[in-house]
Amino acid sequence: MAKKFLGIIALLLACSVALCQNLAVHFLVADPGEDASREIGINWHCNRPGSILEVREASDQSFENAQRYCPAEEVWNLSQEFVTRAEPDSVESLFCDSRYVCSVNLSGLKAGCSYQYRVVLGNECSEVRNFTTASGAKEWKFVAFTDFQPAHNVKTHAIIEKVLSLAGADVPLAVCSGDMIDYSSAEQSWKWLLDNEIFGRFLFASSPGDHEYWAKGTERHIPQLPKPLVYNRIFNNPKNGLEERLNSSFFFHYNNVLFVALDMADSNTPRTSMFEREAEWFRQVVESRKGTYDYLVVMEHKGIFGSYTNDSGVAKYMRPLWAPVFRKAGVDLVLCGHDHMFSRSVSIGGTYYLDMGTSGKKVRTPDEGLYNDGLHELVLDLKASGQCMGAVIDVGPQGMQVRVYELDGTLIDSFIIVHK
Ligand SMILES: [Fe+2]
């Protein structure tokens, strides 16, 4: 009798485990909060209201005693002012269907602690994902990427996997300097990128690229959004940026590094006062954080020492504006992209500029200026080589060692940024 009873209990438990899955949640990500030793932003989309977040320390056995958080829920769709519904038989959704954009700002977390989290609605739950808060360590590593586009390519998740394995230790943070998809209004593209198990292994921080401004460039849709409206519903970044670009410009501390993400706006860079206001915000951030970090890393999609021909407004307008700002701030490393050409600068006023070209498949032939301006240590023609890149950055008390790898594991570039 007792045996039968235990059998029924086991069956019930098995059923409850089986039931607790298959919750249709998309874009479940963990972004660092301003102080990533205790603050983390979680974000997801759900097509039903009432989903909650469960968070537990990874060392706990189950979610039974997890902390539970009700998210801020925004009912949202991408207004038809910007995109129109795709043809009825199209598989492509353009965020026209309203959904619940859910955000939780976790605070009061333990420093240096690994957590697991999942989204639950009734008996259903999402997959379990992970993040680790900053411990205050002086020696640690993070990984960096740029330009995952085009969506659905087979290289992006492979290069992330490769770089994580080459890092050879738990990597708490991955960053990307923008253009993660081709058209930000293409919902399937974001699903391809983020609804992948690998994005459940680390905190993810990004600066938006111009393609995060792209709607859908056909006659029926406007080509560009006035702000990265989709990006802002996908990522829950610290809201400490330029007032007119909250969430798409921001800063955070992870251990001894201050990261600043800049919003470099849409394509074909114009001269605009927004960048002057953003530069002033940047100056104030760096001034106010003085003494709280060892290294300053900037993520800006459009590298100011990049191509002269691709988006020529960058060299023309952005370089004179930002170069003195970065020099004065003592920026150690600028992670950039946009050009789809690999270029790594010499130290320019104490700052190294690394444009890995692509962590996907989109490539261009470098222009002559990059080869001949005397500002670059290494320029590679990715169009000729077909290479796809990612970097491991080892942070230590003496400096930061940057190693860039290609998909087959070959070390492409290695340089040391000495602690100032
Ligand atoms: Fe771009």
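Let me begin with the loop between β10 (140-145) and α2 (156-167), where P150 is found. In this predicted model, the peptide bond that joins Q149 and P150 is cis, with omega at about 0°. The loop between β10 and α2 also holds H152. H152 is not a glycine, and yet its phi is positive, at about 75°. As background, most residues other than glycine have a negative phi, and most peptide bonds are trans. I would therefore ask colleagues who prepare this model for calculation to look at both places on the screen, Q149 with P150 and then H152, because most peptide bonds are trans and most residues other than glycine have a negative phi.I turn now to the chain as a whole. Its secondary structure comes to eight helices and 22 strands. The radius of gyration is 22 Å, close to the 22 Å that the globule rule gives for 420 residues, so the chain is as compact as a globular protein of that length. Along the principal axes, the C-alpha atoms fill a box of roughly 85 × 55 × 40 Å.

How is the chain divided into domains? Domain 1 covers residues 20-131, and domain 2 covers residues 133-418. Their centres, taken over C-alpha atoms, are separated by 24 Å. Between the two domains, 36 residues of domain 1 are in contact with 39 residues of domain 2. On the side of domain 1 that touches domain 2, the elements that give two or more residues are β1 (25-32), β2 (40-46), β6 (99-106) and β9 (129-132). The most comes from β1, with six residues. By residue class, this side of domain 1 divides into 18 nonpolar, 10 polar and eight charged residues.

Three of those elements, β1, β2 and β6, also appear in an open sheet of four strands. The order in that sheet is β1-β2-β6-β5, and the pairing is antiparallel. At the edges stand β1 and β5 (72-76), each with a single partner strand, so one side of each is left without a neighbour in the sheet. From one strand to the next, the twist averages 15°. The pairing of β1 with β2 is antiparallel and runs over six bridges. Within that pair, V25 has C46 in β2 as its bridge partner.

The next topic is an open sheet of seven strands. Which order do its strands follow? The order is β13-β14-β15-β16-β18-β17-β19, and the pairing is mixed. Here the edges are β13 (250-254) and β19 (376-380); each has a single partner strand, so one side of each is left without a neighbour in the sheet. The twist in this sheet averages 15° from one strand to the next.

Within the seven-stranded sheet, I would single out one pair. Strand β14 (residues 257-262) pairs with strand β15 (residues 295-302) in the parallel sense, over six bridges. V257 stands opposite Y295 in β15. Across β13, β14 and β15 lies helix α5 (residues 273-289), which runs at about 170° to β14.

Helix α5 has a further partner in helix α6 (residues 313-329). In general, two packed helices are described by the angle between their axes and the distance between the axes. For α5 and α6, the axes come within 10 Å and cross at roughly 5°. An angle under 35 degrees counts as roughly parallel, and that makes α5 roughly parallel to α6. Which residues of α5 meet α6? They are F275, E276, A279, F282, R283 and V286, and they meet M318, L321, W322, V325 and A329 in α6. The residues of this contact divide into nine nonpolar, no polar and two charged.

I close with the hairpin formed by β21 and β22. Strand β21 (residues 399-406) and strand β22 (residues 411-418) pair in the antiparallel sense over seven bridges. Y405 stands opposite L411 in β22. Four residues lie between the two strands, and G409 in the turn has a positive phi of about 95°.

Terms used: Residues numbered from 1 in each chain as written. Predicted model: local features only at pLDDT ≥ 70, side-chain atom pairs only at ≥ 80, totals over all residues. Domains from an automatic or database assignment. Contact = placed C-beta atoms within 7 Å. Nonpolar A, V, L, I, M, F, W, Y, C, P; charged D, E, K, R; others polar. Pairing = 2+ DSSP bridges. Axes fitted to C-alpha atoms, helices over the stretch in contact; angles between N-to-C directions. Parallel < 35°, antiparallel > 145°, perpendicular 65-115°, else oblique. Rg over C-alpha atoms; globule rule 2.2 N^0.38 Å.
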